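Subject: Structure for your review

Hello,

Here is the structure we spoke about handing over. Please look through it alongside the notes below.

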Amino acid sequence: MHAPEITVAPAPLDAILPFREAYRREVACQIIKDAWHRRGFTTPWLLQLDGAVAGYGATGGGPGEPHDTLMEFYLVPEARGEGRRLFEALLAASHPAWIEAQTNDPFLHLRVYDAGREWTAPTILFADQHTTHHPAPGVTLRRLTEADRAGAFPHTTEPVGEWGLDREGRIVATGGLFYHYNPPYGDLYMEVDPAFRGRGYATWLLQELKRICREGDHVPAARCDAGNAASRRALERAGMWPCGRVLRSRI
């Protein structure tokens, strides 16, 4: 029986866009590095079987870094029977040093175990599970002014957000939403002044950011480091439940 001939070659972003849209629909979750393509942080690879497009792959790296991480792999349905051969051909052509995948990505997830070694899962992904109705814990939510932002408490993990919690004239927490991931998702972020932690501010801020997100016709999503127990608990209390992990491994 004839084995279809496989070709893999770098391609312009426009060549893979229709297949990326199909990939986004099938994954049906927030893709945390979706914006990397638009920012020029990736090299797309077009996969073909006997001259017909079978799918695509993408390698990437952060600003100024080599594109040596395999981060996307998608095949059209009729090509999936040749999935292992196509994946091996992609590895041979792109020579990545790393592979990274979300566990809620059905296309690349299992390839981490096949191609990688010594993998880690430092990041937990969260999806909106249910609406909460926690009362305001002695603070009010308001949009921050430039003066508020300039005078905000020192932030160590997140940027100063567009929204803040006001406690008697003092901003004790800030947060916001990133919308540059794949639509319709909005990624929640927040940080609480260390002097005011443990009072329920993080949970209430996340709850209100979820409301703002939904009112703008977006879908709340979030992530946090696996070791950040306080953030994990706040997200869970605000109705966000784990939906995946980010796996990263050397090839």
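The notes below cover three strands, a cavity and a helix.

Please keep in mind that this is a predicted model.

Strands E2, E3 and E4

Strand E3 covers residues 52–60, and 7 of its 9 residues are buried, so the rest of the structure largely encloses it. E3 has a partner in strand E2, residues 42–49; the two are antiparallel and share 8 bridges. One position to look at is Leu-47, which sits opposite Gly-55 of E3. The connection from E2 to E3 is a hairpin with 2 residues between the strands. Asp-50 lies in that turn and has a positive phi of about 50°.

E3 also pairs with strand E4, residues 69–75. That pairing is antiparallel as well, with 6 bridges. Within it, Thr-59 has Leu-70 of E4 as its bridge partner.

The cavity

How many cavities of 30 Å³ or more are there? The count is 1. The volume of the largest cavity is about 130 Å³. Its lining includes Tyr-23, Ile-31, Ile-32 and Lys-33, together with Met-71 and Glu-72. Glu-100, Ala-101 and Gln-102 are also in the lining, as are Asp-105 and Val-246.

Which strands each supply at least two residues of this lining? They are E4 and strand E5, the latter spanning 98–102. E5 gives the most, with 3 residues. Sorted by class, the lining of the largest cavity holds 6 nonpolar residues, 4 charged residues and 1 polar residue. If you plan to inspect the cavity, the E4 and E5 contributions to its lining are a place to begin.

Helix H5

Helix H5 runs over residues 201–215. Its 15 residues should span 21 Å at 1.5 Å a residue, and the C-alpha atoms at its ends are 21 Å apart, so the two values agree.

Is H5 mostly covered or mostly open? It is mostly covered, with 12 of the 15 residues buried. The buried residues of H5 include the run Tyr-201, Ala-202, Thr-203, Trp-204, Leu-205 and Leu-206. Gln-207, Glu-208, Leu-209 and Lys-210 are buried too, and so are Ile-212 and Cys-213. Just after the helix comes Asp-217, with a positive phi of about 60°.

Regards

Notes
Residues are numbered from 1 along each chain as its sequence is written. This is a predicted model: local features need pLDDT of at least 70, side-chain atom pairs count only at pLDDT 80 or more; totals for chains, interfaces and linings use all residues. Side-chain values use heavy atoms; hydrogens and water are left out. Buried means under 20% relative accessible area, exposed over 50%, partly exposed in between (1.4 Å probe, protein chains only). Helices (H or I, at least four residues) and strands (E, at least two) are DSSP runs, numbered from the N terminus. Two strands pair if DSSP finds at least two bridges between them. On a 1 Å grid over the protein atoms alone, a cavity is a set of points where a 1.4 Å probe fits but cannot get out, and a pocket is an open set with protein on both sides within 12 Å along at least five of seven lines; lining residues have an atom within 4 Å of a point. Grid points are joined across faces, edges and corners, and a volume is the space filled by probe spheres set on the points. Ala, Val, Leu, Ile, Met, Phe, Trp, Tyr, Cys and Pro count as nonpolar, Asp, Glu, Lys and Arg as charged, and the others, Gly among them, as polar. The expected span of a helix is 1.5 Å times one less than its number of residues.
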